[in-house]
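Hi everyone, thanks for coming. I'd like to walk you through one structure today, going from the whole chain down to a single residue. Have a look at it on the screen, and then we'll start.

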Amino acid sequence: MKITAILFLFFFQISTLSSQEMISWQELDTKPIIDSCKRKTEDCTLKKIKVHIQQNFNTNILSDTIAKLPISAKIIIDSFGVVKWSRSLTDNKEISSEIENLIMTLPKFTAGIKNGHPVNTILDFKMDLNNFKKFPSALSTKDYDVPPLPKKCKTTETPKKCISEYFANYILPRVNTSLLKEESFSASLSFVISENGEINIAKCVGKDDKLNRNIENIITKIKDFIPAQKDGKNVAVTYHLPFFGYTN
């Protein structure tokens, strides 16, 4: 009965899409590509999907036992390049819901092409939850009334996402690419945002010490934060952020 209900829901949601043919990722002549990929490759798109989930995932909902389990996800991208449906297959409803919601916030893709025509695309992929558990949650647990924010994130309704995108957009273009030994890298960032909104102490923990120092130097040049507040006064806070990057 449970399987039947799931299958019915799957059929109902797919039926609301265009009547165009539904094609699996592997069968396409041209794969959907996320618009922000400089190199229009399948590899870049798959990496960006996973990095988007990793950067914005709420690690507080993971337990040590759950974190050891792999996850499978399914996405439907319509013929206009918009994500229309997602499912995450795990034994934990909260984790599945978190991943599905993050998938639905992915940016626009180019359309998948089959026989010269745009089509609806089904993409299946897997991720390792253990990669998420290695990093602290995005916001510090320090007691403050108003969190520190980049000035451009002051009016956002999704501060966590805005902050992640801010650091990615600030750090990645400034990284010394000659230090990169692999196509992708990950690190745990910790830094102090002062009462004046400046970052004057930073620590980056990753595989490569030279790359860590490079990223620390980049972070300490950031000067446009709105400082945190406690009882109406600006306060210095320690901030923790998981960071993922890759070349494309």
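So, the broad view: the protein chain has six helices and 12 strands. Please keep in mind that this is a predicted model. The chain runs to 248 residues, and 43% of them count as buried. As for the outside, about 13800 Å² is exposed, with carbon and sulfur atoms supplying 53% of that area.

How do the contacts spread along the sequence? If we take the contacts in the chain with a separation of 6 or more, 74% come from residues 24 or more positions apart.

Now let's pick out one helix, helix 5, which covers residues 159-171. Its 13 residues, at 1.5 Å a residue, should span 18 Å, and the end C-alpha atoms are indeed 18 Å apart, so the two agree. Which residues of helix 5 are buried? They are Cys162, Ile163, Ser164, Tyr166, Phe167, Ala168, Tyr170 and Ile171.

Finally, let me zoom in on Ile77, which sits in strand 2, residues 70-77. Is Ile77 buried or exposed? Ile77 counts as buried because its relative accessibility is 0%, and the cut-off for buried is under 20%.

And what is Ile77 in contact with, leaving aside neighbours within four places in sequence? The partners are Pro32, Val82, Val83, Phe109, Val119, Asn120 and Thr121. One more distance for your notes: Trp25 lies 52 residues from Ile77 along the chain, and their C-alpha atoms are separated by 9.9 Å.

That's my tour; thanks for listening!

Definitions and conventions:
Residues numbered from 1 in each chain as written. Predicted model: local features only at pLDDT ≥ 70, side-chain atom pairs only at ≥ 80, totals over all residues. Heavy atoms only, no water. Helix = DSSP H or I, 4+ residues; strand = E, 2+ residues; numbered from the N terminus. Buried < 20%, exposed > 50% of the residue type's maximum accessible area, 1.4 Å probe, protein only. Contact = heavy atoms within 4.5 Å. Areas by Shrake-Rupley, 256 points an atom, 1.4 Å probe, with all protein chains shown as cover. Expected span 1.5 Å × (residues − 1).
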